[in-house]
Amino acid sequence: MDLVLQQALKILEFIIALGLLIFLHELGHYLTCKLFKVEVEEFGFGFPPRIARLFVYQGTLFSLNALPFGAFVKPKGENDPEIAGGLAAAAPLKRLVVLFGGPAMNLVAGVILFAILFSRVGAPDRSSVMIAGVVENSPAEAAGIKSQDIVLKINGVPITRTDQMSSTIRSNLGIELTFTILRDNQVLEIKGTPRTTWPSNEGPLGVQLTNPVKRVNFFQSIPEGMIMVYDQTRELVLLPGRLIKGQISKEEARVVSFVGIYAIYQQAKGLNQKLWFLGVISVALGLTNLLPIPALDGGRILFVLPELITRKRIPAQFETVVHFVGFAALILFMIYTVAQDIINPIIP
């Protein structure tokens with residue numbers, strides 16, 4: 001019974017956490033609508049059917065709905081440009097900002113989540129390079145380099161970045177190098193020679209590089225949160241190319257449903273891992289909604305962009321049909337991914 005209760009609480013925790021990210025997405029749309037005087041008919045907590053009308057604020061009905069998962073925003077005249085004060089009747093630049101509002105809010109949420117995490121565990125000191133690990137029987141081990149060593153210089157040249165150190169090592173294969181190391185507050189000089197051939201997963205010196213951690217408060221963590229969001233964005237953008245090149249497997253790049261996301265969430269232990277996971281999901285949610293797929297924000301943006309250039313609007317009826325078909329396709333794809341995550345779980 002205790003196990004069942006724990007599992008139920010875990011599911012509830014997941015629904016609340018993911019629902020909050022979806023709520024923030026919709027809040028971004030709502031706030032940008034209000035900013036540009038676009039009327040909003042309803043802001044719903046959860047998804048229909050409606051359970052109760054909570055209150056009306058500035059002409060917007062705030063409602064409570066049966067499916068306790070996220071939220072939705074219903075702008076006035078979303079698809080009808082003939083309705084004054086509605087979204088479709090607004091200038092194209094205003095519509096563009098409203099459509100970007102939701103994904104932008106998710107990216108901001110990602111920055112905040114990562115900043116909270118870094119304020120708890122420390123942020124990487126990007127001006128220093130630390131040895132994260134040493135491979136057995138490698139040149140680094142033979143030279144006496146140890147995990148946690150801080151690399152200050154190579155051949156007298158200051159080392160401040162991991163990519164700089166990697167480049168320096170690869171430019172001197174088979175040549176003896178002098179490493180100036182900080183270990184236990186003592187500065188040491190160690191000589192080592194990068195090998196000319198090595199196993200594919202080890203590198204010429206046989207070390208894993210990282211940045212040492214420094215203590216920071218929340219506000220100091222915000223730039224690090226922004227860097228992390230940029231890194232996550234870059235990884236997602238480069239993902240298709242890496243898949244085509246065979247750098248990652250199809251299984252690693254597969255799209256997962258909320259069932260698969262929950263399976264991954266279950267592996268997160270403790271608050272820090274959950275903050276990391278939710279930060280990654282928030283960024284992914286924001287970027288996924290920017291994909292040029294009908295019914296998503298990115299698909300709607302795709303219909304606005306030509307109008308900015310040609311000053312001619314794509315017929316609203318055609319756009320509505322395209323988004324309806326796109327929405328139906330998304331529902332079918334969602335059913336497929338749910339079935340896939342049940343039949344072939346991403347976490348065995």
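**Exercise 1. How does the span of helix α9 compare with the expected value?**

Step 1: α9 has 14 residues, and at 1.5 Å a residue the helix should span 20 Å. The expected span is 1.5 Å times one less than the number of residues. Helices (DSSP runs of H or I, at least four residues) and strands (runs of E, at least two) are numbered from the N terminus.

Step 2: The end C-alpha atoms of α9 are 21 Å apart, which agrees with the expected span.

A word on the model before we go on. This is a predicted model, in which local features need pLDDT of at least 70 and side-chain atom pairs count only at pLDDT 80 or more, while totals for chains, interfaces and linings use all residues. Residues are numbered from 1 along each chain as its sequence is written, and side-chain values use heavy atoms, with hydrogens and water left out.

**Exercise 2. Find which residues of α9 are buried, and what they pack against.**

Step 1: Learn the scale. Buried means under 20% relative accessible area, exposed means over 50%, and partly exposed lies in between (1.4 Å probe, protein chains only).

Step 2: Now look along α9 (297-310). Its buried residues are D297, G298, G299, R300, I301, F303, V304 and E307.

Step 3: Look for the neighbours, using contact (heavy atoms within 4.5 Å). The buried residues of α9 pack against α1 (2-35), α2 and α10.

Step 4: Step just past the end of the helix. There, R311 takes a positive phi of about 65°.

**Exercise 3. Describe the largest cavity and its lining.**

Step 1: Rolling a probe the size of a water molecule over the atoms shows where empty space is left. On a 1 Å grid over the protein atoms alone, a cavity is a set of points where a 1.4 Å probe fits but cannot get out, and lining residues have an atom within 4 Å of a point. Grid points are joined across faces, edges and corners, and a volume is the space filled by probe spheres set on the points.

Step 2: Searching the whole structure gives one cavity of 30 Å³ or more. The largest cavity holds about 150 Å³ of space.

Step 3: The lining of this largest cavity has 13 residues, and E78, R95, R300, R313 and E319 lie nearest the centre. One of these, R300, also appeared among the buried residues of α9.

Step 4: Sort the lining by class. Ala, Val, Leu, Ile, Met, Phe, Trp, Tyr, Cys and Pro count as nonpolar, Asp, Glu, Lys and Arg as charged, and the others, Gly among them, as polar. The lining has six nonpolar, two polar and five charged residues.

Step 5: Ask which helices take part. At least two lining residues come from each of α2 (92-121), α9 and α10 (316-343).

**Exercise 4. How are the rings of F218 and F219 arranged?**

Step 1: A pair of aromatic rings is described by the distance of the centres and the angle of the planes. Rings of Phe, Tyr and Trp (its six-membered ring) pair if their centres lie within 6.5 Å; planes under 30 degrees apart count as stacked, over 60 as edge-to-face and the rest as tilted.

Step 2: By this rule there are 16 aromatic pairs. In one of them, F218 and F219 sit 5.5 Å apart, centre to centre, with 75° between the planes, so the pair is edge-to-face.

Step 3: Check the surroundings. F218 is partly exposed at 28% relative accessible area, whereas F219 is exposed at 66%.

Step 4: Elsewhere, ring pairs link F23, Y30, F43, F45, F55 and F62 into a cluster.

**Exercise 5. Where do Q58 and Q148 lie, and what is the sign of phi in each?**

Step 1: Most residues other than glycine have a negative phi, and most peptide bonds are trans.

Step 2: Q58, in the loop between β1 and β2 (60-75), has a positive phi of about 50°. Its relative accessible area is 53%, which makes Q58 exposed.

Step 3: Q148, in the loop between α3 (139-143) and β5 (150-154), has a positive phi of about 80°. Q148 is exposed too, at 51%.

Step 4: For the peptide bond, turn to P48 and P49: the bond from P48 to P49 is cis, with omega near 15°. P49 lies in strand β1 (residues 40-57).

Technical notes:
On a 1 Å grid over the protein atoms alone, a cavity is a set of points where a 1.4 Å probe fits but cannot get out, and a pocket is an open set with protein on both sides within 12 Å along at least five of seven lines; lining residues have an atom within 4 Å of a point.
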